[in-house]
Amino acid sequence: MLKSVRVVLVNTSHPGNIGGVARAMKNMDFSTLYLVDPKEFPSEKAVARSSGAVDLLDQAKVVGTLDEALAGCNYVVGASARGRHIPWPVLDPRELVEQILQPSVTQESAQSAGNESVCSSMGLPQALDVALVFGREDRGLTNEELHRCHRHVHIPSNPDFSSLNLAAAVQVICYELRMGLLAQSDKQQSEAGEVLEKPRWGTEWDIDLASADELQRLFEHMEKTLIDIDFLDPGNPRQLMTRLRRLYLRSLPDKVEVNVLRGILTATQKLLKSTD
Ligand code: SAH
């Protein structure tokens with residue numbers, strides 16, 4: 001289980017990128033940022049690029065060595081834009097998130113799932129304090145730094161143009177982590193018997209969902225109107241109403257939406273009567 005996660009930037013040259021990273025992290029609801037010997041920090045350029053994520057910049061811990069940045073972490077992941085001479089267990093961001101969020105996978109089950117090369121040294125502790133380490137803009141992480149990492153993560157980019165901007169790389173990995181965490185909390189909620197299909201962001205949906213009988217009346221109204229306008233042949237209805245039901249039900253209509261649709265049907269029928 002994930003206990004904490006920190007983003008570690010090593011020797012960043014451009015303060016703008018530090019700001020961009022702060023913004024990317026805050027968008028994804030992460031907050032702990034370590035800066036190992038940055039070239040220029042604090043900096044107005046970082047503040048400008050952070051677009052308001054200044055709290056992360058203010059709280060960022062500036063340290064002199066990678067050692068200090070990794071203190072207290074038990075799962076270190078190095079982000080790398082390219083392959084290195086010595087192969088290391090490398091994951092893509094989604095595989096990484098799977099590992100971090102499901103640390104209870106046993107060596108046996110990992111092997112039986114065919115993941116032996118990646119998981120053979122599993123045995124992850126229950127609570128993970130994860131460091132995601134990102135390298136310099138011009139030459140990434142050194143081999144020594146990469147060798148400090150339990151795992152490497154590589155975003156499967158174009159092999160002929162593999163290096164993302166630093167903040168973009170942080171964004172992709174934090175996004176995958178957030179998606180994993182959201183999926184996990186959805187699962188926990190559904191296991192606790194809570195309602196599925198509620199919006200993932202913003203507040204609660206503003207209108208109650210239409211009830212089954214309101215929907216039934218809508219479909220009856222719709223069917224009658226479609227017959228009235230000669231679109232539906234009651235002698236040969238085919239699958240029309242079934243398909244329309246599926247279309248509307250797929251979108252989980254709410255009470256107001258059903259009222260609007262009923263209003264359109266009523267207006268159609270009224271117009272039809274007036275032209276009789
Ligand atoms: N030119 C450098 C890459 C610098 S990009 C090199 O060749 O290594 C700055 C940092 O962003 C990298 O050190 C890495 O941490 C991250 N990054 C960029 N592209 C990445 C990718 N495709 N996968 C994983 N991390 C990446």
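Ser43 sits in the loop between β2 (33-36) and α2, helices and strands being DSSP runs (H or I, at least four residues; E, at least two) numbered from the N terminus. This is a predicted model, where local features need pLDDT of at least 70, side-chain atom pairs count only at pLDDT 80 or more, and totals for chains, interfaces and linings use all residues. Residues are numbered from 1 along each chain as its sequence is written, and side-chain values use heavy atoms, with hydrogens and water left out.

**Two serines**
- Ser43 counts as buried at 9% relative accessibility; buried means under 20% relative accessible area, with a 1.4 Å probe and protein chains only.
- A polar atom of the Ser43 side chain lies 3.0 Å from the backbone nitrogen of Lys45.
- Ser50 belongs to helix α2 (residues 44-50) and is buried too, with a relative accessible area of 1%.
- The Ser50 side chain reaches the backbone oxygen of Val47 at 2.8 Å.
- Leaving aside neighbours within four places in sequence, Ser50 is in contact (heavy atoms within 4.5 Å) with Gly19, Ala22, Arg23 and Leu57.

**How α5 packs on α9**
- Helix α5 (residues 93-101) and helix α9 (residues 166-191) have axes that come within 9 Å and cross at roughly 45°; axes are lines fitted to C-alpha atoms over the stretch in contact, and angles run from 0 to 180 degrees between N-to-C directions.
- α5 and α9 are therefore oblique to each other, that is, outside the ranges under 35, over 145 and 65 to 115 degrees.
- On the α5 side, Pro93, Arg94, Leu96, Val97 and Leu101 meet α9 residues including Val172, Ile173 and Leu177.

Notes: Buried means under 20% relative accessible area, exposed over 50%, partly exposed in between (1.4 Å probe, protein chains only). A polar contact is a pair of N or O atoms within 3.5 Å; within protein, one must be able to donate a hydrogen and the other to accept it, and residues adjacent in sequence count only if both atoms are side-chain atoms.
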